[in-house]
2 protein chains.
Amino acid sequence: MTAPHTNVQKISEMASRHLSSLSVDCVVFGFHKNEMKVLLLKIPYKDEWALPGGFILRDESAENAASRILKERTGLDGVFLRQFHVFSDPGRVKPRDHRDNLTRMNIPENDIKWLCSRFVTIGFYALVDYTRAVPTPDEFTTRSEWRDLTDPGMLMMDHRVIVNTALDTLRLQLNNLPIGYNLLREKFTMPELQKLYETILGRKLDRRNFQRKILSYRILLRLDERKTGVAHKAPVLYRFDYDGYHRALEEGLKGGF
Amino acid sequence: MTAPHTNVQKISEMASRHLSSLSVDCVVFGFHKNEMKVLLLKIPYKDEWALPGGFILRDESAENAASRILKERTGLDGVFLRQFHVFSDPGRVKPRDHRDNLTRMNIPENDIKWLCSRFVTIGFYALVDYTRAVPTPDEFTTRSEWRDLTDPGMLMMDHRVIVNTALDTLRLQLNNLPIGYNLLREKFTMPELQKLYETILGRKLDRRNFQRKILSYRILLRLDERKTGVAHKAPVLYRFDYDGYHRALEEGLKGGF
DNA sequence: TCAAAAGTGTTCTAACTACACCCATGG
DNA sequence: CCATGGGTGTAGTTAGAACACTTTTGA
């Protein structure tokens, strides 16, 4: 792109009035050992974690940006991904923090002034199979880790708020989302599925009623095998009936949890 | 703001890589004569309508921008307003249309180049009392009108998609939204409230079951008066019990419609 | 006086809740 | 061999769907 032939002052006015620095941040949910996990990046020289995110590139949609970032951070393609909220409060970034972040990204001092005007991010949440995702740090972070959702540590900027909002959205949309399909491995047991729902909802469910209800949706295929190497009675394995699942989700799981 | 002392080429790169033109568009719902209405602005010299919207100003949040615009277009303050989706598909605006719009807004030719890179909008929906809102055109449109939701006419760009997405969201969130509280006048009859729900849902509800259900939520106060000047038996007037309503909404209207 | 709309009650059914019992397994 | 977790069944309660009758009013 060639520079427009206009004076710098004019551009400055336009940029400050009409342009925003626009990014996406991904809340990547996983499920492991009966715990909900979030994928976070460690900020070097600080006891803080950040959500994987980045700028939306020219000529790509926000959805595209989010799935590109996800692929980079987890190695996964075709992940379940959905936008849930825009965070645009001018106070969401302390100018000091913002400057630090941009400096870390090797953005020249002069350009930082441009980006400091407003910093809007679109929140996405993703549901991924914990066992298949490989946490991968980016060039600005030291490492990438699955952290406990309940106790992820100190989060940068308003990222804690973003995570909480994502979780609230997840709960609200629970009955219209392919939760199990994306968060569990292909084969899973009934108690595992129940634990998943309990963890997301934050409350206990009755074992027998849960089983009856979830089976009534006709979204599960009971397999002719049982989980091996477990204590006590070996539970039966299930997998999702893809067609049935998506048919049911369009209506929403009636009654719901 | 003073211009940063850097060369034009550099700014151009930064802007095109990291900055977006960011706006809000409001889908303003009203309810009148058993019809859902949307507030639209007429584009001059074209047989097209547009959603009221505008750029987010420096140092204001998207929410702020939306409620500011709403105040300008309807004269209403403290309106129920909620963001529902970001539209960022690079193909959502035909470059030709975009250029026309910006030219109409008296934005100089040179600056238009900046804004053409990407054009992202945050969709908000609003629920307002039809009888109190006064449609007010902005400086770029000839008039402002309540249009039928089912047949609003030709809409500019992807605004039809935005309206449809807003309606889908409204239906999904119906049981967690103060629908009646915001769309009806202070006093209303049970049939009016039912018609509202039926219109949003797009299907008939049983008169008697609706009444029993809505009353069981304990969100209505039955008044000691009836609607006057109507044919047939005069229906009783109700108004909302504000406290009860908001208590009930936190849980969601259980069961729902 | 009658058609059309509003107010109220009843019945039937399906879904949810809360349990009790038996089975399989590893320590 | 027994504690623990998994599979299945049942009774009581509640919420939802379908439906009938009476009341009020303007035309």
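## Protein surfaces around two DNA strands

Around DNA strand D there are 20 residues, of which Arg207(A), Arg208(A), His232(A), Val236(A) and Arg208(B) are the closest. Of the atoms of DNA strand D that come within 4 Å of the protein, sugar and phosphate account for 48%. The model is a predicted one, and the distances given below are computed from its atoms.

The residues of the surface near DNA strand D comprise 5 nonpolar, 5 polar and 10 charged. At least two residues of this surface are supplied by helix 8 of chain A, and at least two by helix 8 of chain B. The backbone of the DNA is reached by Gln211(A), whose side chain has an N or O atom 3.5 Å from a phosphate oxygen of DNA strand D. The bases are reached as well, since the table lists a base oxygen of DNA strand D as the partner of His232(A) and a base nitrogen of DNA strand D as the partner of Asn209(B).

DNA strand C is surrounded by 21 residues, and those that come nearest are Arg208(A), His232(A), Arg207(B), Arg208(B) and Val236(B). Sugar and phosphate make up 48% of the atoms of DNA strand C that come within 4 Å of the protein. The surface near DNA strand C is composed of 6 nonpolar, 5 polar and 10 charged residues. Base nitrogens of DNA strand C have polar side-chain atoms of Arg212(A), Arg207(B) and His232(B) as partners. The elements giving two or more residues to the surface near DNA strand C are helix 8 (207-216) of chain A and helix 8 (207-216) of chain B.

The polar contacts to the bases are set out here.

| Residue | DNA atom | Distance |
|---|---|---|
| Arg212(A) | base nitrogen, DNA strand C | 3.2 Å |
| Arg207(B) | base nitrogen, DNA strand C | 2.7 Å |
| His232(B) | base nitrogen, DNA strand C | 3.4 Å |
| His232(A) | base oxygen, DNA strand D | 2.9 Å |
| Asn209(B) | base nitrogen, DNA strand D | 3.2 Å |

Chain A also contains an open sheet of 3 strands, in the order 8-10-9 and with antiparallel pairing. Strand 8 (188-189) and strand 9 (220-226) of chain A each have a single partner strand and stand at the edges, so one side of each is left without a neighbour in the sheet. The pairing of strand 8 with strand 10 (residues 236-240) of chain A is antiparallel and runs over 2 bridges, and Thr189(A) has Leu237(A) of strand 10 as its bridge partner. Val236(A), one of the residues closest to DNA strand D, lies within the residue range 236-240 of strand 10 of chain A.

Note on methods
Residues are numbered from 1 along each chain as its sequence is written. Chains are lettered from A and ligands numbered from 1 in the order in which they are written. This is a predicted model: local features need pLDDT of at least 70, side-chain atom pairs count only at pLDDT 80 or more; totals for chains, interfaces and linings use all residues. Side-chain values use heavy atoms; hydrogens and water are left out. A residue is near a molecule or strand if one of its heavy atoms lies within 4 Å of it. A polar contact is a pair of N or O atoms within 3.5 Å; within protein, one must be able to donate a hydrogen and the other to accept it, and residues adjacent in sequence count only if both atoms are side-chain atoms. Helices (H or I, at least four residues) and strands (E, at least two) are DSSP runs, numbered from the N terminus. Ala, Val, Leu, Ile, Met, Phe, Trp, Tyr, Cys and Pro count as nonpolar, Asp, Glu, Lys and Arg as charged, and the others, Gly among them, as polar. Two strands pair if DSSP finds at least two bridges between them.
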